[in-house]
Amino acid sequence: MPTTDGRKFLDPHTLDKIRSLDLRARLVVEGFITGQHKSPYHGFAVEFASHREYVPGDEIKHIDWKVWSKTDRYYIKEYEEETNLKMTIILDASKSMRYGKGQPGDSAGWSKFDYGCTAAACLAYLAQQQQDSIGLITFDTKVRKKFPSSSHPTHLKMLVHEMEHTEPDNTTDVGDVFRGLAEEIGKRGLVVLVSDLFVDIPTLKTTLQHFRHRRHEVVVFHVMHEHELDFPFQDNTLFKGLEVDMELLTEPRALRKSYLEIVERYLHQVRRACATAGIDHVLLNTSEPLDAALSSYLAFRGRTVRGTGRR
């Protein structure tokens, strides 16, 4: 029998036909795992605790051969479950995240918010499979909704339902919002920011430092529409501000080179701000499959758990 290519469910053009955010997330995660050819959960759920002497009936694979080579005696490695990670997803629900919905030439019909919600739901679904607890905060100029972290199976459905029924509105103000959130989140954990980062760089630096000072691990999933990255416009175009009351009629071909230079300079500054703060930055292009979000999250978890031991 031919095997189903689960990776097709990573493609935004395919996912646009699936209206249920919960179903989207499940299909994406399962498709991603199929493409990996191995379980991404291996090694995340347990950590080494101690040795004990081997007794008949123990599995040979758990024998520590390095200890045997030094003592000529068999010892078994014992493991214990790690304390579950607390992941808090902070989702930007400002007006600029609306961009992409019904835009000419955008065959997927996804806004940045649609893409960001799908990525966030996928991360939440994957985290739940690893027995981690998940929380959600939506914001614009203030916190709109806040759901404390929980690992209960029904909690994920509640978070996905909230994302599915949230309409982006208002402007973005991460400065005041995040200053309070860094303290409110409380127990050290993983903070996942999903946003288009429409904020000046000094404010972004200060904002991210609030979380790092509270010893949270932070991953930034920077969502940008393909139009913002490629500027494909050809004919005279009227651009309308989503967060500011402004319109500008332009001849795009005359602007494209300078626009792309400005965007590249901005992205360089964002990457540097994140790197300086010890934060992972992942650029998500709405036209591309969701491998980047899942791969980067798993790589981050792998480095955190196995590399530094920070949990």
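## Salt bridges and helices H7 and H9

At 11% relative accessibility, Glu228 falls under the 20% limit and therefore counts as buried. The model is a predicted one. Its mean pLDDT is 80, and 82% of the residues reach 70 or more. Residues 37-47 have a pLDDT below 50, yet in the model this stretch makes 29 contacts beyond near neighbours in sequence. Where pLDDT is low, the predicted coordinates should not be read in detail.

### Salt bridges

The structure holds 8 salt bridges. Side chains of opposite charge can pair when their charged atoms come close. Three of the pairs are tabulated here.

| Pair | N to O distance | Separation in sequence |
|---|---|---|
| Lys112 and Asp196 | 2.9 Å | 84 residues |
| Lys112 and Glu228 | 2.8 Å | 116 residues |
| Lys145 and Glu162 | 3.6 Å | 17 residues |

Lys112, Asp196 and Glu228 are joined in a network of salt bridges. Lys112 belongs to helix H4 (residues 112-129), while Asp196 sits in the loop between strand E6 (190-195) and H7, so their salt bridge ties together parts that are 84 residues apart in sequence. The partner Glu228 is in helix H8, and its pairing with Lys112 links distant parts of the chain.

Are the members of this network buried or exposed? Lys112 has a relative accessible area of 0% and is buried. Asp196, at 1% relative accessibility, is buried, and Glu228 is buried at 11%.

The pair Glu162 and Lys145 connects helix H5 (residues 153-164) with strand E5 (residues 143-150). Here Glu162 is buried, with a relative accessible area of 14%, whereas Lys145 is partly exposed at 40%.

### Helix H7

Helix H7 has 13 residues, and the distance from its first C-alpha to its last is 18 Å, close to the 18 Å expected at 1.5 Å a residue. Its buried residues are Ile201, Leu204, Thr207, Leu208, His210, Phe211 and Arg212. An α-helix has 3.6 residues a turn, so residues three or four places apart point the same way. Just after H7, Arg215 adopts a positive phi of about 65 degrees.

### Helix H9

How far apart are the end C-alpha atoms of helix H9 (residues 252-276)? They are 35 Å apart, which agrees with the 36 Å that its 25 residues should span at 1.5 Å a residue. H9 nevertheless contains a kink of about 30 degrees, centred on Ser258.

The buried residues in H9 are Pro252, Val263, Tyr266, Leu267, Val270, Ala273 and Cys274. Which elements cover these buried residues? Among them are helix H7 (201-213) and helix H8 (226-230), together with the strands E7 (217-224), E8 (237-240), E9 (247-250) and E10 (280-285). H8 is also the helix that holds Glu228 of the salt-bridge pair with Lys112. After H9 comes Gly278, whose phi is positive, near 75 degrees.

Conventions. Residues are numbered from 1 along each chain as its sequence is written. Side-chain values use heavy atoms; hydrogens and water are left out. Helices (H or I, at least four residues) and strands (E, at least two) are DSSP runs, numbered from the N terminus. The expected span of a helix is 1.5 Å times one less than its number of residues. The bend at a residue is the angle between axes fitted to the seven residues ending there and the seven starting there. Buried means under 20% relative accessible area, exposed over 50%, partly exposed in between (1.4 Å probe, protein chains only). Contact means heavy atoms within 4.5 Å. pLDDT is the predictor's confidence in each residue, from 0 to 100. A salt bridge is a side-chain nitrogen of Lys or Arg within 4 Å of a carboxyl oxygen of Asp or Glu.
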